[in-house]
Amino acid sequence: MFRRYLSSTARNWNSAVTTTNDIVIIGGGPAGLSLASAIKTSPILKDLKCTLIEGNKLIDSLESYYNNPPEYIDKRVVSITPTSMDFLKKIGGWDYVKHDRIETYDNIHTYDSISGAKMEFDSPELATMIENINIQSMLYQNIKRANNESTENELILLDNTKVIKIEEDPHSEWPILELSNGNKIKTRLLIGCDGYNSPVRKFAQIESRGWSYNRWGNVATCKYRDNEIRLSTGWQRFLTTGTLALLPLPNNWCSLVWSVPPEISNILNKLNDEQFKFMINAAAKLSEGELKYLYQIADNDSDKLIDEIKWRLEIFNNKPTNNSEDYPLEIEFIVPNSRAKFPLKLSNADSYIEDRIALVGDAAHTTNPLAGQGLNMGQADVKSLVETLEKSYMRGLDIGSKIALEPYWSDRYLPNHVMLGIVDKIHKIYSTDFTPIVWARSFGVNVLNNVPFIKDFMVQQISHKD
Amino acid sequence: MNKYSNINNINNINTNIRTIIQKRNFIKPLLLSLSTIAYSSIYQSTTLANKIENNELHSNKSKNEIELEKLSSRKFFKRPPKLYENHIPTYTYEKMLMFIGSSIGAFLHPERNEFIVTLGESTATTEFLINLRNNMLNDSIGRKILKDRPYITSNILNLEKLKTYPENSFGKCYYNWLIRENCSPDTRVDVKFIDDEELAFVFQRYRQCHDFYHALIGLPIFREGEIALKFFEYLNIGIPFAGLGSIFAPWNVKKQIERERLFKIYYPWALKTAYHCKKNLINVYWEKIMDKDVNELRRELNITPPPDMRSLRKLYKKSIAK
């Protein structure tokens with residue numbers, strides 16, 4: 001190592017390149033860690049020199065999560081499909097999962113806020129709810145195990161290290177990363193798993209196209225009222241202001257994802273947990289008109305809000321035509337400080353690859369969370385990229401060259417694009433209260449819900465089952 | 001000889017076949033009895049399984065009760081349950097028939113209350129009522145009305161009590177109007193056909209407050225006055241049948257002069273006033289503002305009363321007499 005350092009400095013005396021790598025991954029999110037884990041467990045790629053760089057303090061938090069998990073489930077929860085789960089099992093991460101903190105569910109019920117048209121998916125093990133940090137920690141443990149097994153070529157995980165600058169080596173045209181700890185890394189292949197505002201994508205000058213939905217996703221971890229035994233079910237209500245999703249977690253807990261326009265999001269942010277809890281219960285049941293007036297009260301007169309919601313819910317629950325089984329249970333408790341929000345947008349990069357560059361996960365594409373597909377698309381990217389790298393390595397290609405990476409892009413771009421498009425259309429169809437469209441979508445949903453083979457096909461698409 | 005032998009042969013064969021068939025006769029009963037034995041051995045478990053499936057295992061119901069339950073759970077030919085006390089549940093086709101019948105009836109005989117009432121309810125669609133309810137929810141007084149659910153009768157609005165309100169108060173104005181038009185406060189029929197308890201109240205409220213609008217605006221209750229007020233109601237509150245009335249009812253007004261008066265004076269007045277009116281009249285808590293000054297109330301709502309219809313009529317009659 002030392003000799004190599006000397007030799008490289010001797011050669012490139014004007015630029016202090018300390019190390020040369022085969023692969024550098026930027027970003028320690030689920031995509032980055034599963035990519036690292038997949039490379040380290042691949043029999044073909046495991047001997048490549050590989051580094052993962054993460055800007056935040058990752059290792060400590062992942063270790064502490066693994067050794068003594070926190071009492072409440074984290075607010076950042078994702079839904080993974082059986083296919084993604086199989087992939088995680090294949091790369092070995094699943095051995096370290098915290099089983100008591102994930103929930104596999106068989107039912108998804110969606111309903112329309114205006115017409116009430118319902119869609120009921122039920123299929124064994126449709127999806128699994130899991131914390132982001134649970135995925136990260138199991139992958140980290142898996143990388144640790146892989147490093148212990150082959151001590152010669154360890155995967156280097158640099159956390160709390162920021163990439164200050166990326167530049168191109170004038171001779172080899174390889175990217176050189178300047179790190180906040182003063183080191184420089186030159187790499188054959190740079191993989192960006194660094195999220196929506198990806199610096200890697202900017203460095204590669206790849207345009208990302210799309211639009212903001214003008215919606216904020218509000219998340220929280222909640223507990224249902226314990227008055228009824230129910231199968232764990234994912235509930236989703238399509239309001240014209242955005243979707244309200246209550247996704248099941250173990251022991252009657254649930255995770256809220258409620259997308260609303262910025263003005264309503266501002267109102268919701270002002271509420272305390274108790275008021276917010278009532279607001280969720282109202283949004284799961286009451287009509288759009290009633291909600292509109294409740295937002296106004298929340299804005300101007302929030303002291304009265306709880307009484308008003310109680311009054312409207314009482315009227316709602318007393319109606320003999322309303323069956324309580326058609327709606328989620330009421331929320332009883334919100335975990336303190338578990339509320340957060342994030343902006344929703346659609347984007348898809350023009351290309352996922354460039355010479356010496358590959359983009360994975362959110363760096364390549366972002367989507368509306370209403371179908372719960374974001375992380376699963378990222379996992380599919382990882383799977384495809386690793387297969388591509390294996391193939392090109394076997395064929396003796398330079399794995400950083402564009403031609404070696406091409407199959408990854410051609411494999412993933414279209415499926416991602418189709419999925420983004422479908423989710424976008426669902427969002428658009430449901431964000432209007434224009435009567436003919438409401439009729440059309442309700443009719444469509446009723447047809448889809450009652451024709452078994454179409455429904456089976458859709459379940460297949462949601463869970464990516466073969 | 002040959003022939004005979006042949007016949008004998010055939011006979012022999014026939015008897016042979018017969019004996020064979022006769023020999024096999026025992027198989028059927030054997031199978032039957034075997035299957036009976038087999039079925040009787042599993043009969044209990046299958047009935048038990050059926051019971052478990054139908055949730056009948058632990059219910060101590062007699063066969064008779066179960067039969068009755070089956071009868072009552074028939075989907076067709078059965079009315080849905082009542083949603084509130086005076087509710088009469090109806091099917092959509094019945095509502096449509098009601099609409100057709102009552103609209104013809106109301107056109108030909110607008111003086112008959114049952115036609116007007118039924119027309120009002122059969123045209124009050126859920127969408128319209130929900131909009132009106134939302135309008136009330138968005139107004140602090142409308143919200144209070146929805147919470148209190150006031151029900152107006154002559155007990156609450158006692159004529160003797162109304163008389164005692166000071167001059168120029170809304171209560172007195174209402175009293176004067178009642179006396180002039182010779183009617184009493186509880187001549188309003190209950191809502192029956194609207195399929196939602198709260199929405200039924202909303203429509204009931206509109207119907208019960210109809211007289212207050214009359215008093216506030218000062219229009220009489222004969223046909224011409226009603227048509228003018230209906231147009232105003234349609235513009236201000238949005239009641240669908242009021243709109244229908246304001247379009248179709250003038251066709252049936254026989255006197256040329258009355259129709260002219262409507263189109264030249266009262267319809268333009270209604271358009272103008274409804275445009276300037278600051279509040280939906282459904283959101284006024286009439287019972288609570290009985291002692292309010294009526295002119296102040298009109299100023300608050302920004303309503304200017306139209307020219308008095310009765311005096312216009314008198315003027316016209318005089319001009320004819322001359």
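Student: What makes B:Phe170, B:Tyr174, B:Phe212, B:Tyr213 and B:Trp286 a cluster?
Tutor: Ring pairs link these residues. Rings of Phe, Tyr and Trp (its six-membered ring) pair if their centres lie within 6.5 Å; planes under 30 degrees apart count as stacked, over 60 as edge-to-face and the rest as tilted. This is a predicted model, in which local features need pLDDT of at least 70 and side-chain atom pairs count only at pLDDT 80 or more, while totals for chains, interfaces and linings use all residues; side-chain values use heavy atoms, with hydrogens and water left out. Residues are numbered from 1 along each chain as its sequence is written, and chains are lettered from A and ligands numbered from 1 in the order in which they are written.

Student: How many aromatic pairs does the rule give over all chains?
Tutor: The count is 24 over all chains. One of them is A:Trp258 with A:Phe276, at 6.3 Å centre to centre and 35° between the planes.

Student: Why is the pair of A:Trp258 and A:Phe276 called tilted?
Tutor: The angle of 35° is neither under 30 degrees nor over 60, so the pair falls into the rest. The partners are 18 residues apart, A:Trp258 in strand β13 (residues 253-260) and A:Phe276 in helix α8 (residues 273-285) of chain A.

Student: Are A:Trp258 and A:Phe276 buried or exposed?
Tutor: Buried means under 20% relative accessible area, exposed over 50%, and partly exposed in between (1.4 Å probe, protein chains only). A:Trp258 has 0% relative accessibility and therefore counts as buried. A:Phe276 has 1% and counts as buried too.

Student: What makes the pair of B:Phe231 and B:Tyr267 stacked?
Tutor: The planes are 20° apart, with 4.3 Å from centre to centre, and 20° is under 30 degrees, so the pair is stacked. B:Phe231 lies in helix α11 (residues 223-236) and B:Tyr267 in helix α13 (residues 256-276) of chain B, so the pair ties together parts 36 residues apart in sequence. Both B:Phe231 and B:Tyr267 are buried.

Student: What is chain B made of in terms of helices and strands?
Tutor: Chain B has 15 helices and zero strands. Helices (H or I, at least four residues) and strands (E, at least two) are DSSP runs, numbered from the N terminus. Of the 322 residues of chain B, 37% count as buried.

Student: Which residues of each chain take part in the contact, and how many?
Tutor: Contact means heavy atoms within 4.5 Å. By that rule, 13 residues come from chain A and 11 residues from chain B. The area buried between the chains is about 1,100 Å², of which carbon and sulfur atoms give 56%. A:Tyr293, A:Trp311 and A:Lys319 supply 39% of the area that chain A buries against chain B, more than any other three residues. Buried area is the accessible area (1.4 Å probe) that two parts lose on being put together, summed over both.

Student: How do you know that A:Glu308 and B:Arg143 form a salt bridge?
Tutor: A salt bridge is a side-chain nitrogen of Lys or Arg within 4 Å of a carboxyl oxygen of Asp or Glu. The distance between A:Glu308 and B:Arg143 is 3.8 Å, N to O, so the pair qualifies. Across the interface of chain A and chain B the rule finds five salt bridges. On the chain A side, α9 (288-300) and α10 (305-318) each supply at least two residues. α9(A) gives the most, with five residues.

Student: Why do A:Glu149 and A:Arg145 count as a salt bridge?
Tutor: N and O are 3.9 Å apart, which is within 4 Å, so the rule is met. A:Glu149 and A:Arg145 are four residues apart in helix α5 (residues 132-149) of chain A, which means about one helical turn between them. A:Arg145, at 27%, is partly exposed, whereas A:Glu149, at 62%, is exposed.

Student: What makes A:Lys270 and A:Asp299 a link between separate parts of chain A?
Tutor: The closest N and O atoms of A:Lys270 and A:Asp299 are 2.7 Å apart, in a salt bridge. A:Lys270 lies in helix α7 (residues 262-270) and A:Asp299 in helix α9 of chain A, so the pair ties together parts 29 residues apart in sequence. A:Lys270 is exposed at 55%, and A:Asp299 is partly exposed at 35%. Elsewhere in chain A, salt bridges that share partners join A:Asp22, A:Arg188, A:Arg356 and A:Asp398 into one network.
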